[in-house]
Amino acid sequence: MTTIGIVTEYSTGIAPTAGPRAIITGSDGALWFTAYQGAKIGRITTAGKISNYSGLAANSGPFDITTGPNGRLWFTEISANQVGRILVP
């Protein structure tokens, strides 16, 4: 949302059943989000390009995401009872 209230929605590249849950700014300046139902972590650049990072266990339920030391992102996989880490490029 801009300072004058213009909203831009990003959906291209996000599966209709992904279930985006949490979002955080990474050390690379992109926005990173969890896709709870899609078992993926997503990334949106400042230009609006969306990338999905798979490799999580099916139905792992990535839920929350936060920044940590040295530019790393940490996320929970509540359905898999795990914590994951991403090294931001």
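Start by selecting W74 and R85: W74 stands opposite R85 in strand β7. The model on screen is a predicted one.

**Strand β6 and its two faces**

Next, select residues 72–77, which make up strand β6. Show the side chains and look along the strand, where they alternate between two faces. L73, F75 and E77 point to one face and are buried. R72, W74 and T76 point to the other face and are not buried.

**From β6 to β7**

Add residues 82–87, the strand β7. The two strands run antiparallel, and six bridges join β6 to β7. They form a hairpin with four residues between the strands. Pick N81 in this hairpin: its phi is positive, near 55 degrees.

**From β6 to β5**

Now go to the other partner listed here, strand β5, residues 62–67. β5 and β6 also run antiparallel, joined by four bridges. Select I65 and F75 together; I65 stands opposite F75 in β6. F75 is one of the buried residues of β6. β5 and β6 form a hairpin with four residues between them. In the turn, select N70, which has a positive phi of about 60 degrees.

**T34 in β2**

Select T34, which lies in strand β2. Is T34 buried or exposed? T34 counts as buried because its relative accessibility is 0%, and the cut-off for buried is under 20%.

Display what surrounds T34. Leaving aside neighbours within four places in sequence, T34 is in contact with G19, P20, R21, A22, K40, I41, P62, F63, D64, I65 and F75. Among these contacts are I65 and F75, the pair that stand opposite each other across β5 and β6. For a polar contact, pick the side chain of T34 and the backbone oxygen of F63: the side chain reaches that oxygen at 2.7 Å.

**The largest pocket**

Finish at the largest pocket, which holds about 320 Å³ of space. Select Y10, I14, I23, F33 and I44, the closest to its centre of the 15 residues that line this pocket. Then colour β1 (20–25) and β2 (31–35), the elements that give two or more residues to the lining. Which element gives the most to the lining? That is β1, with four residues.

Colour the lining by residue class as a last step. It divides into 10 nonpolar residues, four polar and one charged.

Terms used: Residues numbered from 1 in each chain as written. Predicted model: local features only at pLDDT ≥ 70, side-chain atom pairs only at ≥ 80, totals over all residues. Heavy atoms only, no water. Buried < 20%, exposed > 50% of the residue type's maximum accessible area, 1.4 Å probe, protein only. Pairing = 2+ DSSP bridges. 1 Å grid on protein atoms, 1.4 Å probe; cavity = no way out; pocket = protein on both sides within 12 Å on 5 of 7 lines; lining within 4 Å. Points joined across faces, edges and corners; volume = space filled by probe spheres on them. Nonpolar A, V, L, I, M, F, W, Y, C, P; charged D, E, K, R; others polar. Polar contact = N/O pair within 3.5 Å; in protein donor to acceptor, adjacent residues only side chain to side chain. Contact = heavy atoms within 4.5 Å.
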